[in-house]
Amino acid sequence: MKKILVFLLLVTISLSSSSQEAIPAFQDGEWLRYRMSYSGFLKAGEATLELKEENYKGKKVLHAIGKGKTSSVVGWFFKVRDRYESYFDPKEVKPYYFVRDIDEGGYKKKKNITFDHEKNTAHVKDILKKRDTTISVTGPQDMISTFYFLRSYNTKNLKKGDEIHVNMFFDEKQYPFKLLFLGYETLSTQFGKVRTQMFRPLVQAGRVFKAKESVTVWITADDNKVPIKMRASLSVGSLRAELDAFKGLANPFEIVVE
């Protein structure tokens, strides 16, 4: 329950393929909200992601803001207030600047990361520890830009059993993820029946997740490629994330008509 946006990131990592699409999967003004539940019945909290077109150091960028918080009931025991921001190039979807500001039951982190793609470095400024670190990176994506970077890729030609490899820079290290495409499934949602693609991120078992293959993700099979559902088995209980509301999508949200 500690990292709502980390779980949401696992939803987003299931969206890559070998070539970029001509049709934009997202745009300025997009807003998504996810409802989080614990063990299928307890409302655990919510996470939101929104996009704004802005300027960053003379460059036209998309500014993505991700927020996560626990519900009032869970907040009695463990209060979470997380905020993530990413400034990235709207075409190449490469990040320039990333902000992580979290408070999870009193555990706090506040880090700002500046990416230099010419020098292949990430400059990490730890606000609370008053420490600066420069790290060598290769094609880095931060937690939030990863969401949009992967959505910009074509998933229509994937075959069941295909694997996807993605790298992400988190805190002060670059992490590899491997994803397995499971096929297609039509889900009954509050919006109607939606055709989806299913993925399984292969995550490290141990402290949080129950097993290496304990996470399943569903994304819309339309041009938006929006994560619509995630289910994860945790060390204790399970976590589910479901798309609760949206606006400003770049393309029509497709509903299956019977």
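What share of the 258 residues of the protein chain count as buried?

**View 1. The whole protein chain, as an opening overview.** Welcome to this predicted model. Of its 258 residues, 48% count as buried. The protein chain holds 3 helices and 14 strands. If you follow contacts with a separation of 6 or more, residues 24 or more positions apart account for 52% of them. The surface that the chain exposes comes to about 12600 Å², and carbon and sulfur atoms supply 49% of that area.

**View 2. The loop between strands E2 and E3, with Lys-57.** Strand E2 covers residues 42–56 and strand E3 covers 59–70, with Lys-57 in the loop between them. Take a look at the backbone here: Lys-57 is not a glycine, yet its phi is positive, at about 50°. Is Lys-57 buried or exposed? Lys-57 counts as exposed because its relative accessibility is 65%, and the cut-off for that class is over 50%.

**View 3. A salt bridge between Lys-60 and Glu-53.** Here the side chains of Lys-60 and Glu-53 meet, with an N to O distance of 3.7 Å. Glu-53 has a relative accessible area of 44%, so this residue is partly exposed. This pair is one part of a count that comes to 11 salt bridges.

**View 4. The positive surface patch.** Which residues form the positive surface patch? They are Lys-43, Lys-52, Lys-67, Lys-69 and Arg-81. The elements E2 and E3 each give two or more residues to this patch. Pick out Lys-52, which lies in strand E2. Lys-52 is partly exposed, its relative accessible area being 35%.

**View 5. Glu-85 and Arg-83, a salt bridge with a buried partner.** The closest N and O atoms of Glu-85 and Arg-83 are 3.0 Å apart, and the two residues form a salt bridge. Which class of exposure does Glu-85 fall into? At 12% relative accessibility, Glu-85 counts as buried, because that class takes in values under 20%. Arg-83, by contrast, is partly exposed, with a relative accessible area of 30%.

**View 6. The loop between strands E6 and E7, with Asn-120.** Here is another backbone angle to check. Asn-120 has a positive phi, near 55°, although this residue is other than glycine. The loop that holds Asn-120 runs between strand E6 (107–116) and strand E7 (121–126). With a relative accessibility of 39%, Asn-120 counts as partly exposed.

**View 7. Lys-125 and Asp-132, a salt bridge between partly exposed residues.** How far apart are N and O where the side chains of Lys-125 and Asp-132 meet in a salt bridge? The distance is 3.7 Å. Lys-125 counts as partly exposed, at 38% relative accessibility. Its partner Asp-132 also counts as partly exposed, at 44%.

**View 8. A network of salt bridges.** To finish, here is a group rather than a pair. Which residues are linked in a network of salt bridges? Arg-33, Arg-35, Glu-242 and Asp-244 make up the network. With these residues in view, you can look back at the pairs shown earlier, among them Lys-60 with Glu-53 and Glu-85 with Arg-83.

Technical notes: Residues are numbered from 1 along each chain as its sequence is written. This is a predicted model: local features need pLDDT of at least 70, side-chain atom pairs count only at pLDDT 80 or more; totals for chains, interfaces and linings use all residues. Side-chain values use heavy atoms; hydrogens and water are left out. A salt bridge is a side-chain nitrogen of Lys or Arg within 4 Å of a carboxyl oxygen of Asp or Glu. Buried means under 20% relative accessible area, exposed over 50%, partly exposed in between (1.4 Å probe, protein chains only). Helices (H or I, at least four residues) and strands (E, at least two) are DSSP runs, numbered from the N terminus. Contact means heavy atoms within 4.5 Å. Accessible areas come from the Shrake-Rupley method with a 1.4 Å probe; for residues, only the protein chains shown count as cover. Patches are made of residues with over 30% relative accessible area and no salt bridge: like charges are joined within 9 Å, nonpolar side chains (Val, Leu, Ile, Met, Phe, Trp, Tyr) within 5 Å. Lys and Arg count as positive and Asp and Glu as negative; His and the chain ends are not counted. The place of a charge is taken as NZ of Lys, CZ of Arg, CG of Asp or CD of Glu.
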